[in-house]
Amino acid sequence: AVGYNNIDVGACTARGIMVTNTPGVLDDSTADLAWTLMLATARRLTEVESYIRGGDWTGWRLKQWLGVDVHHATFGIIGMGRIGQAIAKRAAAFDMSIAYTSRNQRPDLPFTYYPSPKALAAQVDFLVAITPGGDGTRGLINAEVLTALGPKGFLINVARGSVVDQPALIQALKSKSIAGAGLDVYIDEPRVVPELRALDNVVLTPHMASGTMETRRAMANLALGNLQAHFANQPLLTPIPECPPPRE
């Protein structure tokens, strides 16, 4: 994977163990799934599909299934790395107004920057999290951020479950203080709490953002390439930044 918050990097580097990940090759697939979740949530696709599968579609009185437009909406991204930029590229194709927050402002990008997730959430209709996991981002999207997002706002999380305060999100969804959410990641995977599974204003997928045949093959090939480089005593292809530089 590209994320490695499940690895004790300090213990590895202290023992001279190199750690690699698979950046780059899964950017587009992850961006695609973020977009899939956003469209499905905004247009209530899982709800209406269940409606048809249940045999309940008997006429055209469907006002209760009205969704909201994605095109021309305001769009916020938490994290503007490679995947964040791939998501922004898709938002631009929908003529959305794009803004972001990240650890560092990116003057090279033509998007509006906000200094915090709360400030960003207050300005957007859709908020997408694609920031690394770990202690530094734990609970980054908390009750204050969700309140700022508001009753017409949608949260999409394709980052890590730890980035969102899950109890606060459940409460926001129950109380309709946000409009909905699309989640690919959770606090205690693969266990998804019953409270989330019972809600009809959230779309749930099983941590599958990179889950395409092409992307998983590319990830496996990159992992294999790192192993081949290691055993051939060659520089690793994608060492994580915390790894020490190779000895001369």
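**Salt bridges, a parallel sheet and an aromatic cluster**

Arg-53, with a relative accessibility of 68%, counts as exposed, because the cut-off for that class is over 50%. This residue is a handy starting point for a tour of the structure, which is a predicted model. The side chain of Arg-53 forms a salt bridge with that of Glu-49, at 2.8 Å from N to O. Both residues belong to helix 3 (residues 45–53), and they are four residues apart, so about one helical turn separates them. Glu-49 is partly exposed, at a relative accessible area of 39%. Elsewhere, salt bridges with shared partners join Asp-28, Asp-32 and Arg-90 into one network.

Side chains of opposite charge can pair when their charged atoms come close. Searching the whole structure for such contacts gives nine salt bridges. One of them brings together the side chains of Arg-82 and Asp-27, with an N to O distance of 3.6 Å. Arg-82 is part of helix 4 and Asp-27 is part of helix 2 (residues 27–42), so this salt bridge ties together parts of the chain that are 55 residues apart in sequence. The two partners can also be described by their accessibility: Arg-82 is partly exposed, with a relative accessible area of 48%, whereas Asp-27 is buried, with 11%. For Asp-27, the class follows because buried means under 20%.

A further salt bridge links the side chains of Glu-47 and Arg-44, this time at 3.0 Å from N to O. Here Glu-47 counts as buried, at 14% relative accessibility, while Arg-44 is partly exposed, with a relative accessible area of 22%.

Attention now turns to the strands. Strand 1 (residues 74–78) has five residues, and four of them are buried, so the rest of the structure largely encloses this strand. Strand 1 pairs with strand 2 (residues 97–101) in the parallel sense, over five bridges. Within this pairing, Thr-74 stands opposite Ser-97 of strand 2. Between the two strands the chain passes through helix 4 (residues 82–93), making a β-α-β crossover that is right-handed. Helix 4 is thus met again here, having already supplied Arg-82 for a salt bridge with Asp-27.

Strand 1 has another parallel partner in strand 4 (residues 126–129), and this pairing runs over four bridges. Gly-76 has Leu-127 of strand 4 as its bridge partner. As a general point for reading such strands, side chains in a regular strand alternate between the two faces of the sheet.

Aromatic rings add another kind of contact, and the count comes to five aromatic pairs. In the pair formed by Trp-35 and Phe-94, the ring centres are 5.1 Å apart and the planes lie at 55°, so the pair is tilted. Trp-35 sits in helix 2 and Phe-94 in the loop between helix 4 and strand 2, which makes this a link between distant parts of the chain, 59 residues apart. Trp-35 is buried, with a relative accessible area of 7%, whereas Phe-94 counts as partly exposed, at 30% relative accessibility. Ring pairs also bring in Phe-75, giving a cluster of Trp-35, Phe-75 and Phe-94.

Technical notes:
Residues are numbered from 1 along each chain as its sequence is written. This is a predicted model: local features need pLDDT of at least 70, side-chain atom pairs count only at pLDDT 80 or more; totals for chains, interfaces and linings use all residues. Side-chain values use heavy atoms; hydrogens and water are left out. Buried means under 20% relative accessible area, exposed over 50%, partly exposed in between (1.4 Å probe, protein chains only). Two strands pair if DSSP finds at least two bridges between them. A crossover is right-handed if, with the strands pointing away from the viewer, the path from the first strand over the helix to the second runs clockwise. A salt bridge is a side-chain nitrogen of Lys or Arg within 4 Å of a carboxyl oxygen of Asp or Glu. Rings of Phe, Tyr and Trp (its six-membered ring) pair if their centres lie within 6.5 Å; planes under 30 degrees apart count as stacked, over 60 as edge-to-face and the rest as tilted.
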